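Got the viewer open? Keep the selection box handy, and we'll go from stop to stop.

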Amino acid sequence: MDVVFKTEKAVFNYRVAGIWIEIAEDSQSSLKREFHEELGIDIHVDRMAFVIENFFEHGGRDFHEIGFYYAITSIGNPSSYNEASFHGIEGERLIFKWTPINELNEVALYPECLRNALKDMPPFIQHFVVKKII
């Protein structure tokens, strides 16, 4: 099992490839749309895996992010799968990287609780509250 991460070009920390929900759009539909728009990949949403409340400071501002994390399966084999890192369809601002679950310790990943949660994902939804300054 692998996971795809993204980061902004000027930042070297990775986050799970995520989404911005549009008005009147549910999170699963957003996830499918964003993977298609950013990576050209069609996915099947298997199930919700985690809900993470992430409290952090960035750029001098405090944030409270509430994230829904899903287990997904790609429909077909992404052409980017074997690349070390790559840019998405939308240009060079974002850098993506597929990473095997057993290599997560080598990635600067946020929120950090994902590192262990992804390695031992139970069949039920887990809820995490993270209060850490990045």
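Select Glu-25 to start: in this predicted model, Glu-25 is buried, with a relative accessible area of 18%. That counts as buried because the cut-off is under 20%. The residue is in the loop between β2 (14-16) and α1 (27-39). Show side chains, and you'll find a polar contact from the side chain of Glu-25 to the side chain of Ser-30, at 2.6 Å. Leaving out residues up to four places away in sequence, Glu-25 touches Trp-20, Ser-30 and Arg-33.

Now click one residue back, on Ala-24. Is Ala-24 buried or exposed? Ala-24 is exposed, with a relative accessible area of 85%. Ala-24 belongs to the loop between β2 and α1. Check its backbone too: phi is positive, about 65°, although Ala-24 is not a glycine.

**Zoom out for a moment**

Colour by secondary structure. You should be able to pick out 2 helices and 8 strands in the protein chain. Walking from the N terminus, the elements run β-β-α-β-β-β-β-β-α-β. The chain has 134 residues, and 37% of them count as buried. If you draw contacts between residues at least 6 apart in sequence, 59% of those join residues at least 24 apart.

**The open sheet**

Next, select β3, β4 and β8. These 3 strands form an open sheet in the order β4-β3-β8, with mixed pairing. β4 (61-74) and β8 (126-131) are the edge strands; each has a single partner strand, so one side of each is left without a neighbour in the sheet. On average, neighbouring strands of this sheet are turned by 20° against each other, ignoring direction. If you switch on hydrogen bonds, keep in mind that strands of a sheet pair through backbone hydrogen bonds, either parallel or antiparallel.

Take the β3 and β4 side of things. Strand β3 (residues 43-58) pairs with β4 in the antiparallel sense, over 14 bridges. Two spots to label here: Met-48 stands opposite Tyr-70 in β4, and Phe-55 stands opposite His-64 in β4. Follow the hairpin of β3 and β4 to its turn, where 2 residues lie between the strands. Gly-59 in this hairpin takes a positive phi near 60°.

Then swing over to β8. How many bridges join β3 to β8? There are 6, and these two strands run parallel. For a landmark, label Asn-54, which stands opposite Val-130 in β8. While you're here, select Phe-55 and Lys-131 together: Lys-131 lies over the face of the Phe-55 ring, at 5.1 Å from the ring centre.

**Aromatic stops**

Show the aromatic side chains. The structure holds 3 aromatic pairs. One of them is Phe-56 with Phe-63, a stacked pair with 5.3 Å centre to centre and 15° between the planes. Turn on the surface and compare the two partners: Phe-56 counts as buried at 13% relative accessibility, while Phe-63 counts as partly exposed at 30%.

Another pair to select is Phe-86 with Phe-96, also stacked, at 5.7 Å centre to centre and 20° between the planes. This pair links distant parts of the chain, with Phe-86 in strand β5 (residues 86-88) and Phe-96 in strand β6 (residues 91-100), 10 residues apart. Both Phe-86 and Phe-96 are buried.

**Last stops: two more loops**

Move on to Leu-104, in the loop between β6 and β7 (109-110). How buried or exposed is Leu-104? At 0% relative accessibility, Leu-104 counts as buried. Use the distance tool from its C-alpha to that of Leu-114: the two atoms are separated by 9.0 Å, and the residues are 10 apart along the chain.

Finish on Pro-111, in the loop between β7 and α2 (113-119). Show the backbone atoms and look at the link to the residue before: a cis peptide bond joins Tyr-110 and Pro-111, with omega about -10°.

Key. Residues are numbered from 1 along each chain as its sequence is written. This is a predicted model: local features need pLDDT of at least 70, side-chain atom pairs count only at pLDDT 80 or more; totals for chains, interfaces and linings use all residues. Side-chain values use heavy atoms; hydrogens and water are left out. Helices (H or I, at least four residues) and strands (E, at least two) are DSSP runs, numbered from the N terminus. Buried means under 20% relative accessible area, exposed over 50%, partly exposed in between (1.4 Å probe, protein chains only). A polar contact is a pair of N or O atoms within 3.5 Å; within protein, one must be able to donate a hydrogen and the other to accept it, and residues adjacent in sequence count only if both atoms are side-chain atoms. Contact means heavy atoms within 4.5 Å. Two strands pair if DSSP finds at least two bridges between them. Axes are lines fitted to C-alpha atoms, for helices over the stretch in contact, and angles run from 0 to 180 degrees between N-to-C directions. Rings of Phe, Tyr and Trp (its six-membered ring) pair if their centres lie within 6.5 Å; planes under 30 degrees apart count as stacked, over 60 as edge-to-face and the rest as tilted. A charge sits over a ring if NZ of Lys or CZ of Arg is within 6 Å of the ring centre and within 35 degrees of the ring normal.
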